[in-house]
Amino acid sequence: MKKNKGSIVTDIHHRINYLYCLAFRVLEQKNFELARYYAYTLISICLKSRVRLSADIKRSICKRCRLPLVSGLSATIRVYSGKPPRLVIVCGDCKFRKTYLCNPNYKLFSDDISRLDVSLSSKNAPDWVLKQQMS
């Protein structure tokens, strides 16, 4: 029986979600190597299947050593004031630093509805577009 493309992508998303949850659960038991293996497998599945990884998942895994980042267990998180204020996450294993600017008005590209190219009139627009435009 042949599967359609939508079900294959759904299966991949389920596998990615399972590996992500499993990596953090194993990390709580202080098994760093197994957590790193699960995160590495998760990223390799995304690359091979050409599925985009969510920004939240990307930010919670170290880019250098692929260890899931948990505050106090495998990472140090600090907020520095200044112009602009920034959040710095330091991996506890490889000491790789990730810096994020703390801008309260910033939205991810995928979450910003105003950048969506909607050339629909109000009669044909979906309900969720109209609700977002009203707020």
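Two strands count as paired if DSSP finds at least two bridges between them. In this predicted model, β1 and β2 form a hairpin with 5 residues between them. The two strands pair in the antiparallel sense over 6 bridges. Strand β2 covers residues 86-91. Two of its partnerships can be named. Ile77 is bridged to Ile89 of β2. Thr76 has Val90 of β2 as its bridge partner.

The turn of the hairpin holds Gly82, with a positive phi of about 145°. The peptide bond that joins Lys83 and Pro84 is cis, with omega at about -15°. Pro84 belongs to the loop between β1 and β2.

The hairpin strands are part of an open sheet of 3 strands. The strand order is β1-β2-β3, and the pairing is antiparallel. β1 (75-80) and β3 (97-101) stand at the edges. Each has a single partner strand, so one side of each lacks a neighbour in the sheet. On average, neighbouring strands of this sheet are turned by 15° against each other, direction ignored.

The helical part includes α1 (5-28) and α2 (32-49). Helix α2 has 18 residues. At 1.5 Å a residue it should span 26 Å, and its end C-alpha atoms are 26 Å apart, so expectation and model agree. The buried residues of α2 are Ala35, Arg36, Tyr38, Ala39, Thr41, Leu42, Ile43, Ser44, Ile45 and Cys46. Arg50 comes just after α2 and takes a positive phi of about 60°.

Nonpolar side chains tend to be buried together in soluble globular proteins. Here the largest nonpolar core has 26 residues. Ile16, Leu42, Leu53 and Cys91 have the most contacts inside this core. α1, α2 and β2 each supply at least two of its residues. Contacts of Ile16 were examined with residues up to four places away in sequence not counted. On that basis, Ile16 touches Leu42, Ile45, Cys46, Val51 and Leu53. Of these, Leu42, Ile45 and Cys46 are among the buried residues of α2.

Two further backbone positions have positive phi without being glycine. Lys30, in the loop between α1 and α2, has a phi of about 65° and is not a glycine. Its relative accessibility is 56%, above the 50% cut-off, so Lys30 counts as exposed. Arg66 lies in the loop between α3 (55-59) and β1. Its phi is near 65°, again a positive value in a residue other than glycine. At 25% relative accessibility, Arg66 falls between the 20% and 50% limits and therefore counts as partly exposed.

The cysteines were considered last. A search of the whole structure finds 0 disulfides. Cys94 is in no disulfide, and the nearest cysteine sulfur, that of Cys62, is 3.6 Å away. A disulfide requires sulfur atoms within 2.5 Å, so the Cys94 and Cys62 pair does not qualify. Cys94 has a relative accessible area of 19%. Buried means under 20%, so Cys94 is classed as buried. Cys46 is also buried, with a relative accessible area of 6%.

How values were computed
Residues numbered from 1 in each chain as written. Predicted model: local features only at pLDDT ≥ 70, side-chain atom pairs only at ≥ 80, totals over all residues. Heavy atoms only, no water. Buried < 20%, exposed > 50% of the residue type's maximum accessible area, 1.4 Å probe, protein only. Helix = DSSP H or I, 4+ residues; strand = E, 2+ residues; numbered from the N terminus. Axes fitted to C-alpha atoms, helices over the stretch in contact; angles between N-to-C directions. Core = buried A, V, L, I, M, F, W, Y, C linked by side-chain atoms within 4.5 Å. Contact = heavy atoms within 4.5 Å. Expected span 1.5 Å × (residues − 1).
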